[in-house]
Structure formats: C-alpha cells, structure tokens
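Here are my notes on this one, written as numbered points so you can reply to each in turn. Have the structure open while you read.

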Amino acid sequence: MGFVAGLIGARVRRTEDLRLLTGRGQFVDDVELPRMLEAAVLRCPLPHARITRIDTGAAARQATVLTGAEVKAVVKAPQPVIWRNVPDMRLTDAYPLAVDRVRYPGQGVAVVAAGDRAAAEDALELIEVEYEELPAVSTLEEALAEGAPRLYDDWPDNVCARTTIATGDVAAAFAEADVVLAESFRFARQMGTPLETRGVVANWDPFTGKLDVWLATQAPNLARELLAEVLGLPAAKIRVRTPDVGGGFGNKFDFYGDEVLAALLSHRTGRPVKLIEDRVESFVATVHAREQKIDVEYAAKADGTITGVRGTVHGVLGAELGTIAFGPCYTAAACITGPYAIPAVEMDVVAVMTNRTPYGSYRGWGLPKANFVQERMIELLAARLNLDAHTVRRRNFVPPEAFPYQSPVFVYDSGRYADCLDLCLEAVAEAGWAGRVAEARARGACVGIGYSFHNEITAFGPSRIVNLSGLQHSGFDEEVVRIDATGHVTVHTGQSAMGQGLHTALAQIAGHALGVPFEDVTVVSGDTESCPYTGYGTGASRAAAVGGAAVLTAATRLKAKVLRIAAHLLEASPDDLVVENGRIFVDGVPHRSVGMAEVGDAAHRRLEGRLPEDESPTLQEREVYDPVNVATAFGCTAVLAEADPETGVVTLLGYLVAHDCGTVINPLIVDGQLHGGAAQAIGGALYEELAYDDGGRMLTRTFRDYLVPSATEVPPFTLTHMSTPADHIPGGFKGMGEAGVIGGGAAIAHAVEDALRDYGVKITALPITPPGLLAAIKRGAR
Ligand code: MCN
C-alpha cells in the first residue's frame, strides 16, 4: 500500500480485520493455562429475597465453593463513583455475590470452580439455598409509591440521589413565554449486547503473590486499581491483560464482581480460574442501561425561540449502584439543550433504585435520551406554532460565532450546525426521498421522513473537570512512540481496542507524523505492565482524539530526533531534510538519503560516530496529553420509514447521516462506526426491551426475546461529511464512536409520525413496538 503523505484521512483498511475475520482473534475464552479450572455462578431467580439457609456441603465435595458471606469476609466492596456535586448520594455496598439478601433476579449467591464448566454447573445443582421472598419494586412507579418496599432498610425511600442542573432565569423564561409545552418521555430498559460476553481468567501465583488477570475490559488500568482496592493488594502485584475484546459498547467499561470471584477462587485453589458469562447470564449479570423517564416543559416565543427548559430526569437504576450508574442520568440532564442555545435551564435528576440488574454504561450514556427529548420537543413545538421544524432548529442553534459556548455543564468548542443541517437536507434531496414518499402515498402506503440533529460530547476531559464531577478517572492519556533498531515503529497505548479500529487509527497518525508507511507501524495495547497509563480507559469517544493527539505530539517530537540523527549521518542540516516513505533525503538531492533502519541502527546498536554526541541513545518519545476541554462533534440524521397502520410494523427504507468529527483519521472506519451505531439506534428505537413479568422476574433470556436488528432490518446507509476541526486538540480530531447511536431514535420516531400523519400519532416512548404503535394509532383517533 505504502501511503505516506496524507495517512491521516486515508481510507486504510483496518489492520485488525484480516485476523478477526479469519477466526484468528484471541479472546479471553481462548486463554488456556495449564491446570486451569472453570467457574460458574449460582443465580437467584427472585427479584427480592432474604437468604435464610445456604448449604454448600455436597457441592464442596466435588468443587471449590464460595458463598457471598465467605467473599464478604475477605474483600472490600468496590466503591461506586461518588459524584461530588451530589454530596448526600446514598451508596450501596456491591459485593461480588449477595450476602444475606438478593436484590435483583439473577444476582449471584454462590460461585464454584471445577475441572470444566460442565462440572462446575453440576456442582451448582448440589448447593441448597432457601429464600424468604420479599416484596419487590420493579418499576419506577412501584419504587416511588407511598409506603413502597425499600431495597435498603436504613434508607427512608428508594431514592439514591437527587441533584439539580440549573442556569439562567427559568422563572422569567416561563413567565414571559408565548407558549409552554409539557411532555413526558419513557425509555425502556436496554443493554449493549457484544457478541463476546464478559469473561475473566485469573491466575494468582502462590509463590510470587502476583495476580495475573486476562479480562475483556475497556478500562484495564481502572480494573487493576479497583481489584487492588477490593482485594487489599498493591496494584503492582496485579497485571491486567486484555486480549481481543469482542465488542464493549460501554458495558465492559464498568467493574464487575466476577473479576474478584475468579481471583479469589484462584487464590483458594492455587490454580488458574476462568469465569465466562453465558448469554442467558449476560442478560441479568451485565449492566443494563437506558431506562429513564424524562418530563420536560419548554418555554418559547411565538417565532420558535426556545427561552427555557425545566423538568426532571428519573433514572430507573437497578439494585446496586455499580461503579458508574448515576452518570447516564446526570448526562441526560446535563445535555438536555443539545445543539441549541437555550439560556435558562432547570433540570432535576432523581436516581431511583429498583429490584432490577444494576444500571451502567451503554454507548451514548445519557445522550440518546437527551437527544430524543430535545428533537421530539422541537417537532412538537413547531407543530404547535405552525412553523417548519427546521426553522425552529435554525432559530435555536448555537451559532458558529458563539463558540466556545457554555451550555449548562459543558463548554462546546466549535460547530457549524446550520451548515450540517443544510448538508443533510441536500443529501436527502439528492436521494430523491420526497419522490419516494409521494409515490408510496399515491399507492396508499404510509411512508414518511424524519430528522434529528445532535451534538456529541467527545474527548472527555480535562482531568480537572472529570475529577470535579466526582468520577474516579482522570481525563489524560499517555502514549509512547518508539522506533526500534530496525527502523520499525511501535505505538504503545493505554487505550483499549474493542472493535472500533483503534490500532489502525493510531498507526495512521504515527505513520503520518513520522513519514513512514502504514505497514511499518505496529500498535500494542491491552497490558497494564507494558502499556502506558490512561487516566480514563476507553469510553466517551475519546481514544481517537485524546490518544491520537498524544501520539501525534510524541511522533512529531520523535521525527525531530530522527532528522537530527539523519542529518548527522548525511552531513547535512536537519532543515534541509525531507522524509518520504520511510527514507530521509536531502531535499533536492535524491541520491543522498538514509532509511529509518539506518537511523534506528545508529540510535541503538552502532552508535559510535553515528549518533550525534549530544543525543541520547534509543528512539522513544512519551507524551501525556490532558485536553483543555471536550470536543463537540455533531450530525444530522434523516430516516425514510414505512409504518403499517394495520400491524404496527415499521420498516426502515433509508437512513442518512451528515456528520462532522473534525479531522477524520480514517473515513472508512468513521463510516463503519456510524453504521454500527445506527444499527444500535435502530434496535433501541424499534425492537430492544429487557422484559420483566408482573412479579419482577426477568423474562428476557436469549436473542429470541431480545431482538437486536439483523441485516434484514437495517436499511442502506448514506453518509456525508464535513469537517470543523477541534482547534484546541493537536490534529483537530473529535471523537465519534457514539455518534451513530445518538440521533437515530428521534429521527425514526419522527419518520413514523410523518408516515402516519393521517392518524395523528404522537411518539414519546422507545422502543416503538408494533403493539405500542397500534395503541398510539388508537389514541390518535380519539
Ligand atoms: N475515528 C476517525 N477519526 C476521528 C474520530 C474517530 O477515524 N476524528 C475512528 C478511529 O478509527 C477510532 C474510531 O473512529 O478508532 C472511534 O474513535 P473514538 O470516537 O475516539 O472512540 P473510542 O476509540 O474512544 O471508542 C469508544 C467508542 C465508544 S464510547 C463505544 S461504547 C464504542 C465505540 O466507540 N464501542 C464499540 N465504537 C465501537 N465499535 C465497535 N466495533 N465495538 C464497540 O464495542
């Protein structure tokens, strides 16, 4: 291939793919160690119960068994994130297994390790547990009802946190409004469903006291530190390696008790222990997400200018706080204004515990919900004021000259929102969707077009702000770029690859900065012992921007040293040198050149007389980059959909995104990221729901119950791009890994409403299932 000039921005094929697509990936479950045992967890199906008796005697005769009480006796509970702006937040002790009380269906009560998984599952059947069932609260309404059963006896109710995000004069905005519009929105419980479920292998060496962990995680450093805290070990005694991760989607960012259980079982047995979640378990044991109720009121002028928003985000959390749970609820409120300059905001956040699986991260955090609310409200407001919705959008967009713009919480760095809307509308016109709608309607079909506009908080940082919010992460990233004695470049990154093309992107940046071919760069990630430290882990769409900026800076510095050594070898001035395709030439004198291998050799092996006297040996640069601000990417989504008023079935016919993530590193990957995110948005908008029965037991067990969209439900995508670089980030990169998932719900809802415009349908909840849509049609007819 051999690109050099312009590696940043090149449509390079992902280096990861050949290996992964030919089945050569090495996932946690592929880790095989001598004498390894396999573990399985006994789970309670009841939503709420006291454990009155647990007898592990029979099981212990053929396997190693640990109960919740035994685990509690030897570990500390991992501490959830304490949000500093919610000082009176109530915390829960989330031990790896239930100790004396089960608080959600599927919670583990015991774990066993045996020769293999089948033997472990057989041993589970020998454990006798007796429960006293307790009344449960499975829904928000049940949890908030007067006199509701409480999850935690020493709490006065089931609310774990309340806070308010406020800015501007809200009372005045509402008092002076020409129109006030109120609406309530519901989001079902959903989750990220990576193909690879969670998994861990732990090997606690009894002689060295060292704990080796292989873990499918997006945050190996954080996992190592939390394991150290929980197990009471120095972090230096723990090594976390992440082999290939078969999708993370946020839920592998969170810390889980399974890591602790595998470590304890390994300690107990003196043998390596593997614990892999199966799919049925995954639906109860991996964090859930999305479930929220958001009530808002909008104050507006008759011309469509929105002057105020107020309301409440109810986060419907699960039974324990987890390491992250409050974040997505807070973010939904913090980002409620999205791309719009709304001067007065007052959003309450109320986080409520229920007898359901703990809540955690899923691609987009609070942004898909905030976007659904703001874009639905734009459409409803436009209808009320008899204005075109795009006119209302344009009237309220943060204008280009207002950046940097202080929104209620985040400072947006840059944006050209109206241009992006234009780009989307031009693409829709070019695609001929209006003609398709007219043609479909002429034959009696209900086809419509929907839009949404979103912005995305990416490149999350700086550390000061991340720490102030109370997260136990910081916002910096450390990257190391090396050239070895043979001239090959290696980037050591603390970021995690989970399918998003990280290795390809960082190799492009390093190759671009150094002037070497793409093939001459290797990226190494996923080992706390040999890779640098990243303050956050990989989430919040920050690896390309923050990690990429660090690689760019380190590689640029390294190139200067390469040029100094090459200048010495060529007896020229560094200023007269150019680098092309991994060779350094005296400009205009093509026969006077040296290759990277000769420079590498001069810096590592045959230094004498070849390495300038004032240069240190080796070729390595390390950069720690802490961004001064987040970077705001943005996009406009348009959807062409058909809705069948007889069956309530929605079919997507077209899906178009106009997008801006600043400097694009790899357009091929950016498109792929948008495709994948959009597929998840489609699942969230139309199909996916974690279901419980009236007694609070989990009904979802397989992909037959939890419908993720397959290739037949995903329409053809059309993507178009513009670029507004982040000028505070070296390289100008903005993140976009969550972009595709944010705007889809609102655009699909609007397309369905438009398709069913004769039926007066109003959509305020996701997913839009056939029964739900038929009910909305019935309501519209009244
Ligand atoms: N990219 C680019 N130019 C930019 C920005 C990004 O070319 N200006 C490309 C790069 O190849 C980069 C990728 O897009 O590797 C994603 O970049 P970024 O937005 O920085 O996202 P992260 O690398 O931080 O990845 C995390 C993000 C999140 S938060 C989730 S969740 C997510 C996602 O990305 N999970 C994924 N994308 C995923 N993709 C796959 N296949 N699997 C997951 O689990």
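1. Which element gives the largest share of the shell around the ligand? That would be H19, with four residues. Before going further, keep in mind that this is a predicted model, so everything below is computed from predicted coordinates.

2. The ligand shell as a whole is made up of 38 residues. Gly 499, Ala 543, Ala 544, Gly 735 and Gly 737 are the closest of them. Three helices each give two or more residues to this shell: H16 (502-514), H17 (543-570) and H19 (667-687). If you are thinking about chemistry, the split by class is 18 polar, 16 nonpolar and four charged residues.

3. Where does the ligand sit relative to the domains? Both domain 1 (15-24 + 476-625) and domain 2 (429-451 + 632-782) give residues to the shell, so the ligand lies between them. Note that each domain is written as two segments, 15-24 with 476-625 for domain 1 and 429-451 with 632-782 for domain 2.

4. On to the domain pair itself. The C-alpha centres of domain 1 and domain 2 are 40 Å apart. Their contact draws 14 residues from domain 1 and 14 residues from domain 2. On the domain 1 side, H16 and H17 are the elements that give two or more residues, and H17 gives the most, with six. By class, that side of domain 1 has seven polar, six nonpolar and one charged residue. H16 and H17 are worth colouring, as they turn up both in the ligand shell and on the side of domain 1 that touches domain 2.

5. Next, strands S19 (477-483) and S20 (489-493). These two pair in the antiparallel sense over five bridges, with Val 480 standing opposite His 492 in S20. Five residues lie between the strands of this hairpin, and Gly 487 takes a positive phi near 90 degrees there. S20 also pairs with S21 (521-524), this time in the parallel sense over four bridges; Thr 490 has Thr 522 in S21 as its bridge partner. How covered is S20? Mostly: four of its five residues are buried.

6. S19 comes up again with helix H18 (596-604). The buried residues of H18 are Met 596, Val 599, Gly 600, Asp 601, Ala 602 and Ala 603. Note the Asp 601 in that buried set. These residues pack against S19, H17, S24 (589-595) and S25 (619-625).

7. There is also an open sheet of six strands to look at, with mixed pairing and the order S7-S15-S14-S13-S8-S29. What stands at its edges? Strands S7 (159-167) and S29 (765-766) do, each with a single partner strand, so one side of each has no neighbour in the sheet.

8. Within that sheet, S14 (306-317) and S15 (344-353) pair in the parallel sense over 10 bridges. Val 316 stands opposite Val 352 in S15. Helix H10 (326-334) packs on the sheet and touches S7, S13 (292-300), S14 and S15. The direction of H10 makes about 160 degrees with that of S15.

Methods:
Residues numbered from 1 in each chain as written. Predicted model: local features only at pLDDT ≥ 70, side-chain atom pairs only at ≥ 80, totals over all residues. Near = placed C-beta within 6 Å. Nonpolar A, V, L, I, M, F, W, Y, C, P; charged D, E, K, R; others polar. Domains from an automatic or database assignment. Pairing = 2+ DSSP bridges. Contact = placed C-beta atoms within 7 Å. Axes fitted to C-alpha atoms, helices over the stretch in contact; angles between N-to-C directions. Buried ≥ 20, exposed ≤ 12 C-beta atoms within 10 Å, placed from the backbone.
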